Amino acid sequence: MAVFNGMKYELCIIGGAGHVGLPLGVVFANSGVKTVLLDINKEALKEIQEGKFPFKERGGNEALRAALEKENLFTSSDPQTISEARFVLVVLGTPIDEYLSPEFGGITRALDKYESHFQEGQIVILRSTVYPGTTEKIQNYFSEKEKKVRVAFCPERITQGYAIEETKVLPQIVSAFDEETLKEVSDLFRKITQEKIIPVKPVEAELAKLFTNSWRYIRFAVANQFFMIAQDHGLNYQNIERAMKEDYARNKDLPSPGFAAGPCLLKDTMQLAAFTNNNFWLGHAAMLINEGLVNHVIKELKREYLDSLKDKTVGILGMAFKANSDDHRDSLSYKLRKIAHVECRTVLCTDPYVKNEQFVSVEDIFKKADIIILAAPHAEYADINPKNYPNIRFIDIWNFWSR
Ligand SMILES: NC(=O)c1ccc[n+]([C@@H]2O[C@H](COP(=O)([O-])OP(=O)(O)OC[C@H]3O[C@@H](n4cnc5c(N)ncnc54)[C@H](O)[C@@H]3O)[C@@H](O)[C@H]2O)c1
């Protein structure tokens, strides 16, 4: 058996059954890096061991089976595994709390729990998106415990659900506190990308990641604000958007309006806001606009239906936070459901991927709903032609069916 600096595995991923950890582990394993996925979710580990992704990931199952067949990918719920790897990559959740402040507990609790398993000479790579200064804090944590462990920060920048294909073609940002560690993590990430390695300082890498997500979130907010301005004036935004973009290169990258949600963009924008003493005006404005789009949809319905809205049945198509995903974490469809519950008679929800016993079939929605709101434009809904349902009012902020 190959050994890596005397270790059984080259890489151990803490959080290895998660949305980032699993595809990353699979890509590493298929690139020849002997990888073990450490996770507390034993059910997910069992599915992985059987060659099945526990969530939707394009090309995931095939890539996972290839990695297992190569005997380069292993799973474990035993923290002892940490001590058997040359690199330990941490990709645990880094949420914000109910006051929109960064929540550090997840990573620090895990480090406290696993501390005794870290070995001298190991490199700990943080892959979670973190509040600026976290990498240094964790390096100090090990130094104070007199553990000669070197800490690096190498952020993840994939689009959830497409990591298997994207990882190979994304430049990898790497950072560490000394040249030797930087070289070792650069060599590791060079194995999974055909693109460049971009070395920076840890705090620069932390901010590069937070700026990236905030930038994306703000761009969605611009489109959503334009959409709401047009609708408030009774205008058709799609015509305006087309006029702006058609054969005009400078506007091509303006996103379409739509619900901007999910487990990353809002919380990372708020992490940056906390780092900016809550003076990140653009970030907060983006949050109000993106979250407010749901209220706007209901407000427009109230304007159209006046008092009769309370007698209407509303159907929501798509409960995932984005198209073609089975992830409902922080999905705005749930906020829409809540507000619609207050304003309408009945709210019915459906999703081809998100399982919930309260949801109904798409056929049921078409039988019962007076109003259908497209909340996540899954490919499954592409064949629906609203013109075939003259008695139903369709709300399609995405312009999905006209495109
Ligand atoms: N989801 C994305 O597309 C994406 C993209 C870029 C960056 N990120 C960042 O990556 C990080 C992880 O996000 P995610 O979406 O993969 O989260 P996730 O919840 O899907 O994965 C986290 C995993 O950690 C496991 N876990 C929790 N506590 C553990 C412990 N003590 N020991 C071992 N395993 C434990 C969980 O069971 C889960 O499988 C976050 O910081 C996020 O901001 C996510």
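Student: What covers the buried residues of α10?
Tutor: This is a predicted model. Helix α10 spans residues 265-275 and is mostly covered, with 9 of its 11 residues buried. Among the buried ones are Leu265, Leu266, Met270 and Leu272. Their cover includes α8 and α11 (281-305).

Student: Which residue just after α10 takes a positive phi?
Tutor: Most residues other than glycine have a negative phi. Just after α10 the chain departs from that pattern, with a phi of about 55°. The residue is Asn277.

Student: Where does Leu306 lie, and is Leu306 buried or exposed?
Tutor: Leu306 is another residue other than glycine with a positive phi, near 50°. Leu306 sits in the loop between α11 and β9 (313-317). Exposed means over 50% relative accessible area. Leu306 has 63%, so Leu306 is exposed.

Student: What is the phi of Asn324, and how does Asn324 count in accessibility?
Tutor: Asn324 is in the loop between β9 and α12 (332-343). Asn324 is not a glycine, yet its phi is positive, at about 60°. Its relative accessibility is 26%, so Asn324 counts as partly exposed.

Student: How many helices and strands are in the chain?
Tutor: The count covers the whole chain, and both kinds of element occur. There are 12 strands. The helices number 13.

Student: Why is the chain described as compact as a globular protein of its length?
Tutor: The globule rule gives 22 Å for 403 residues. The radius of gyration of the chain is close to that, so the chain is as compact as a globular protein of that length. Along the principal axes, the C-alpha trace spans about 70 × 45 × 40 Å. The radius of gyration itself is 23 Å.

Student: What share of the contacts with a separation of 6 or more comes from residues 24 or more positions apart?
Tutor: Take burial alongside: 52% of the 403 residues count as buried. A contact needs heavy atoms within 4.5 Å. Residues 24 or more positions apart account for 72% of the contacts with a separation of 6 or more.

Student: What part of the accessible surface belongs to carbon and sulfur atoms?
Tutor: The accessible surface of the chain comes to about 19300 Å². Carbon and sulfur atoms hold 51%.

Student: How far apart are the centres of the positive and negative side chains?
Tutor: The chain carries 50 positive and 54 negative side chains. Each set has its own centre. The two centres lie apart by 3 Å.

Student: Why is the pair of Phe104 and Tyr131 called edge-to-face?
Tutor: A search of the whole structure finds 14 aromatic pairs. In this one the ring centres are 5.6 Å apart and the planes stand at 80°, so the pair is edge-to-face. The angle cut-off is over 60 degrees. The deciding value is the plane angle of 80°.

Student: Which parts of the chain does that pair tie together?
Tutor: Phe104 is partly exposed, at 42% relative accessibility. The two residues sit in separate loops, so the pair ties together parts that are 27 residues apart in sequence. Phe104 is in the loop between β4 (85-90) and α4 (105-114), and Tyr131 is in the loop between β5 (123-126) and α5 (134-144).

Student: Which helices does the pair of Phe227 and Tyr237 link?
Tutor: This pair is edge-to-face, with 6.0 Å centre to centre and 90° between the planes. Phe227 is buried at 3% relative accessible area, and Tyr237 is buried at 2%. The residues are 10 apart in sequence, and their helices are α8 (residues 202-232) and α9 (residues 237-245).

Student: Which residues form one aromatic cluster?
Tutor: Phe, Tyr and Trp all appear in the cluster. Its members are Phe366, Tyr389, Phe394, Phe400 and Trp401.

Student: Which residues does Val88 touch, beyond those up to four places away in sequence?
Tutor: Val88 lies in strand β4. At 0% relative accessibility, Val88 is buried. Its contacts are Cys12, Ile14, Ile82, Phe118, Gln122, Ile123, Val124 and Ile125.

Student: What is the C-alpha to C-alpha separation of Ser402 and Pro386?
Tutor: Ser402 is in the segment after β12 (393-395). Ser402 counts as exposed, at 61% relative accessibility. Ser402 and Pro386 are 16 residues apart in sequence, and in space their C-alpha atoms are separated by 9.7 Å.

Conventions. Residues are numbered from 1 along each chain as its sequence is written. Side-chain values use heavy atoms; hydrogens and water are left out. Helices (H or I, at least four residues) and strands (E, at least two) are DSSP runs, numbered from the N terminus. The radius of gyration is taken over C-alpha atoms; the globule rule is 2.2 Å times the number of residues to the power 0.38. Buried means under 20% relative accessible area, exposed over 50%, partly exposed in between (1.4 Å probe, protein chains only). Accessible areas come from the Shrake-Rupley method with a 1.4 Å probe; for residues, only the protein chains shown count as cover. Lys and Arg count as positive and Asp and Glu as negative; His and the chain ends are not counted. The place of a charge is taken as NZ of Lys, CZ of Arg, CG of Asp or CD of Glu. Rings of Phe, Tyr and Trp (its six-membered ring) pair if their centres lie within 6.5 Å; planes under 30 degrees apart count as stacked, over 60 as edge-to-face and the rest as tilted.
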